[in-house]
Amino acid sequence: MTPCFIEILARNGDVIARQRCDTLPVTIGRGYDNDFILDDAHTAPHHAVLEQADDGALVLRDLGSQNGIVLHGRRQPEVAMNGATVVRLGHTRLRVRDAVFPVEPEVADTTMHAWEGGVPAVAGMALIALFVGVEQALTDTDSFQPIRYLLTIASGIGAGLVWAGIWALVNRLFGGNARLGRHLFILGAGLVAIGAWKTLSTVLAYAWSAEAFTRYGNHMVIAIVVAMVYFHMRTIRPHHTPRRLMAGCAVLLALASGLVLMSNLQTQGRASDELYMSVLLPPSLRQSPDHSVDDFLGGAAALKTRADADRRRDVGPDETDDDDGD
């Protein structure tokens with residue numbers, strides 16, 4: 001008989017424990033007299049036995065336990081263990097493979113080992129502090145008080161640690177390692193990118209009268225947030241093909257942008273975020289050609305004509321005539 005290996009698996013498929021078995025049958029359970037002992041209160045003292053069928057296949061048979069052998073959510077009296085079959089005994093996920101079972105090819109090591117632990121964590125917190133501090137400086141109308149800035153930065157870093165901690169927990173459950181530092185760096189880099197985009201879009205909109213940058217600039221912010229989610233997910237499962245993840249992020253981006261557009265239409269009657277540029281910068285930044293007073297008055301007159309036409313259409317000609325008579 002070829003030696004076989006009984007493996008206990010984590011929920012993400014990683015092997016937690018592995019034991020070689022050179023002879024059959026192999027008894028499995030919580031009792032110390034078993035060949036393979038389970039540390040699981042939801043398994044019986046003698047839960048199952050692994051034996052060889054007449055055709056040579058490995059079969060796991062229930063020994064009358066209360067929770068049984070569960071395969072694909074259904075209890076089975078016995079299950080053929082072909083190497084890819086994963087069963088559940090109580091809360092324990094288990095599979096059996098023989099010594100000639102083919103393994104996956106070696107995976108290329110793409111991990112940046114120098115970019116682990118404290119280095120990305122410190123860099124991420126520094127980027128978060130930079131973003132929060134600059135935002136506070138741009139919106140602060142009171143006199144400079146260091147304690148207020150320190151409290152704001154501390155609150156921002158705390159919120160960033162919560163965000164990165166949630167991703168690190170997911171990373172630990174499904175990727176085997178927490179990588180809190182990586183997730184902090186992704187968050188910090190994303191926040192700095194958002195701040196840089198807001199500044200750049202404001203300058204471009206003001207310098208060249210490109211209102212689209214401010215009217216629809218929030219969609220770029222949504223794209224940056226979705227990109228952050230993508231890199232968080234890639235950190236969790238770096239060896240998985242990114243195509244499905246990219247497709248899912250594209251759908252998320254389309255849904256988020258669509259919801260913003262529909263919300264604007266419902267609440268404000270327009271798809272854009274704002275009708276005009278709300279930030280004024282020094283005149284020296286203006287690159288668009290200047291317009292004369294006559295051009296301004298002509299535009300105002302055309303705007304008045306359109307407004308009067310809209311009013312007549314909404315109010316009605318009879319009511320308009322009455323207003324003119326008064």
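A: A word to begin with: a residue is called buried under 20% relative accessible area, exposed over 50%, and partly exposed in between, using a 1.4 Å probe and protein chains only. What you see is a predicted model, in which local features need pLDDT of at least 70 and side-chain atom pairs count only at pLDDT 80 or more, while totals for chains, interfaces and linings use all residues. Residues are numbered from 1 along each chain as its sequence is written, and side-chain values use heavy atoms, with hydrogens and water left out.

Q: Is S209 buried or exposed, or in between?

A: S209 has 28% relative accessibility, so S209 counts as partly exposed. Its backbone is worth a look too: S209 is not a glycine, yet its phi is positive, about 55°.

Q: Where does S209 sit?

A: Helices (H or I, at least four residues) and strands (E, at least two) are DSSP runs, numbered from the N terminus. S209 lies in the loop between α3 and α4 (212-215).

Q: Which residue in the loop between α2 and α3 has a positive phi?

A: That is R179, with a phi of about 55° although R179 is not a glycine. Its loop runs between α2 (146-175) and α3 (180-208).

Q: Which residues does a cis peptide bond join?

A: Look at L24 and P25: the bond between them is cis, with omega about 0°. You will find P25 in the loop that links β2 (15-21) to β3 (26-29).

Q: How do I read a sheet, and what is the order of the strands in the one with 5 strands?

A: Two strands pair if DSSP finds at least two bridges between them. Here an open sheet of 5 strands runs β4-β3-β5-β6-β9, and its pairing is mixed. β4 (36-37) and β9 (78-80) each have a single partner strand, so each edge strand has one side without a neighbour in the sheet.

Q: How many bridges join β3 and β4?

A: They pair in the parallel sense over 2 bridges. To trace one, start at I28, whose bridge partner in β4 is F36.

Q: What is the strand order in the open sheet of 6 strands?

A: The order is β2-β1-β11-β10-β7-β8, with antiparallel pairing. β2 and β8 (74-76) are its edge strands, and each pairs on one side only. From one strand to the next, the twist averages 35°; axes are lines fitted to C-alpha atoms (for helices over the stretch in contact), and angles run from 0 to 180 degrees between N-to-C directions.

Q: How many bridges link β7 and β8?

A: β7 (residues 69-71) pairs with β8 in the antiparallel sense over 3 bridges. Try finding V70, whose bridge partner in β8 is R75.
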